[in-house]
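Please look over the model below before reading on. The report then takes up selected features one by one.

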Amino acid sequence: MVQEHSQHHHATTQDSAATGQRPGTAVPRSQPPAAATLAGAYQQIEQIGQATGHHNQATEVAKNMQQEIGDTVKAAGSKYRGMTYYWELSNDPYYSATSATFIGHILDLFGLKNIADAAGKPADGGYPELSQEYIVTAKPQLIFLADNQAADGGQTAAIVAKRPAWAGIPAVAGHDIFGLDDDVASRWGPRLPSLVNALANALAVAKP
Amino acid sequence: MLVAAFVGAADLNPLATATALLDRIPFVSLPSSMSPLDRAVEFQIRLPRVVLGALVGGLLALAGAGYQGVFRNPLVDSGMLGASAGAGLGATLAIVDLSAAGPGVVPIAAFVGSLSGVAVAYLTGAVASRQTVLGDGVATLLLAGIAVGSFLTAVQTFLLQRSQPDIQAVYSWLLGSLSAASWQQVTTILPYAAVSSVVILLHGRHLDVLAVGDEEARALGLRPAVVRTIVIAACALAAASAVAVSGLIGFVGIVVPHVARRLAGPSYTSVLPLSLLIGAGFLVLADTVARTVLSPAELPIGVVTALIGAPAFVWVLRGTRPVGT
């Protein structure tokens, strides 16, 4: 409950949808930016519900999402807390996402530590290009592949394990490399509980 | 290159690194205190990146110098004959439409695209020069290269507009990168690099003769069209090999030959080998800056070559004697 309360306080005005009329027409429009936090995602869902005249239903959806996510995180336990992870957005070059991003906030729920945080600068918006040397020497215990779909680069655990010098990374040696469904991992709407569930399932088989 | 082997995001002990490097020399045996992980970082990540950077930089500079000699124009590089645009289109097609074939298809598509771009530009120029009254096949070829390059870039832009989710992947490739360098990439391009480099270097004297004009060259027993075709083909192979493994890295092919000229004079027997060496060193330097200045994050190498190359180009131009003086 304390975590939920703090999440509400983390929703910012930046997560609010810009509203107005489509230029040259009388059609009202709403232009929500990409949510920066979980609370921001809930807020946008409620705003969209309000804009479309389905405020009650939208509030219900947000509430159910929050409940489901909270239950999933609680059920996942705490054995993996403090484990380090590397989130791969692309390879060659190796783009990652820091804890300051939306996905970083999701993984924060599980108490994981992001190796990209040491590289993040405000200018890169939370998506730094990491040096391969750094990834290897940071020795992440978990690797999440957001580029495992063919359209994103087709990176699999087997391909990652064959990268030069990557065999020494704990996540590779322990087979703790998890590919994520792009449809779930990159959309911040009502499928969020599916993403959290996928992460919890991955952590259930991870070796701390 | 030696310094580049000692610096990077991983904090490796310099003494241990030095002994590990020396130990690799045949008949030299030195114990090193490097851990297996550090050794793997040095010999499987850092060293292949340094070597690949040198190869790519040397090839791009050599191809640029060769093109400048063939066209007798100091502003020509491989980008002006459709090589860069062809490689960009090939890579874009691979990322947008051929992703199911696996990540390895991108370098192959870029290689084929680069060669195809030059081939189309060459054929277009050859056909047009027979039908124009310009009387100067070289200028026509250059114009054809610019036209073909613009067309290929337009097709690439159209493909990107149709597939916006792939924009980041394509632009990452277009900016150039050595971040996933491996010994496999080095050995893959080595045969093409060797063949193209030898052919280009062997034509240094011919390019000097071409520099005085086609008529004069014929009078001296040279066949300008044959020399031009061979050198363009070799330069296209060199550039295609480089872009296949590194993406598009700008400024190397156009700036480095000018630096070589400032140092060694206008003769291509000096400019070509010097361009190869300076290009290698320049790109290794640029890559070292790219991977250390924001460590552990990296800058795209194309940004660094532009930041270093542009002021260097101005310095070169300031020392260049104006035409007619």
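The text below covers a strand, two contact surfaces and a helix residue.

**The model.** This is a predicted model. Chain A is divided into domain 1, residues 2-76, and domain 2, residues 84-205.

**Strand β7 of chain A.** Strand β7(A) spans residues 142-145. Both of its faces are covered. A:L142 and A:F144 are buried on one side. A:I143 and A:L145 are buried on the other. The strand pairs with β3(A), residues 84-90, in the parallel sense over 4 bridges. It also pairs with β8(A), residues 177-179, again in the parallel sense, over 3 bridges. A:F144 has a partner in each of these strands. In the pairing with β3(A), A:W87 stands opposite A:F144. In β8(A), A:F178 is the bridge partner of A:F144.

**Chain A against chain B.** Here 25 residues of chain A are in contact with 26 residues of chain B. On the chain A side, β6 (129-130) and α5 (132-138) each supply at least two residues. The largest share, 5 residues, comes from α5(A). The classes of this side are listed in the table below.

**Domain 1 against domain 2 in chain A.** Within chain A, 12 residues of domain 1 are in contact with 14 residues of domain 2. On the domain 1 side, α2 (38-51) and α3 (55-76) each supply at least two residues. Helix α3(A) gives the largest share, 7 residues. The classes of this side are also tabulated.

| Side | Nonpolar | Polar | Charged |
|---|---|---|---|
| Chain A side that touches chain B | 12 residues | 8 residues | 5 residues |
| Domain 1 side that touches domain 2, chain A | 9 residues | 2 residues | 1 residue |

**A residue in chain B.** B:V289 lies in helix α12(B), which runs over residues 268-292. Is B:V289 buried or exposed? B:V289 is buried, because 20 other C-beta atoms lie within 10 Å. The cut-off for a buried residue is 20 or more such atoms. B:V289 and B:I200 are 89 residues apart in sequence. In space, their C-alpha atoms are 30 Å apart.

**In brief.** In chain A, β7 has parallel pairings with β3 and with β8. Helix α5(A) supplies the largest share of the chain A side that touches chain B. Helix α3(A) does so for the domain 1 side that touches domain 2 of chain A.

Methods: Residues numbered from 1 in each chain as written. Chains lettered and ligands numbered in written order. Predicted model: local features only at pLDDT ≥ 70, side-chain atom pairs only at ≥ 80, totals over all residues. Buried ≥ 20, exposed ≤ 12 C-beta atoms within 10 Å, placed from the backbone. Pairing = 2+ DSSP bridges. Contact = placed C-beta atoms within 7 Å. Nonpolar A, V, L, I, M, F, W, Y, C, P; charged D, E, K, R; others polar. Domains from an automatic or database assignment.
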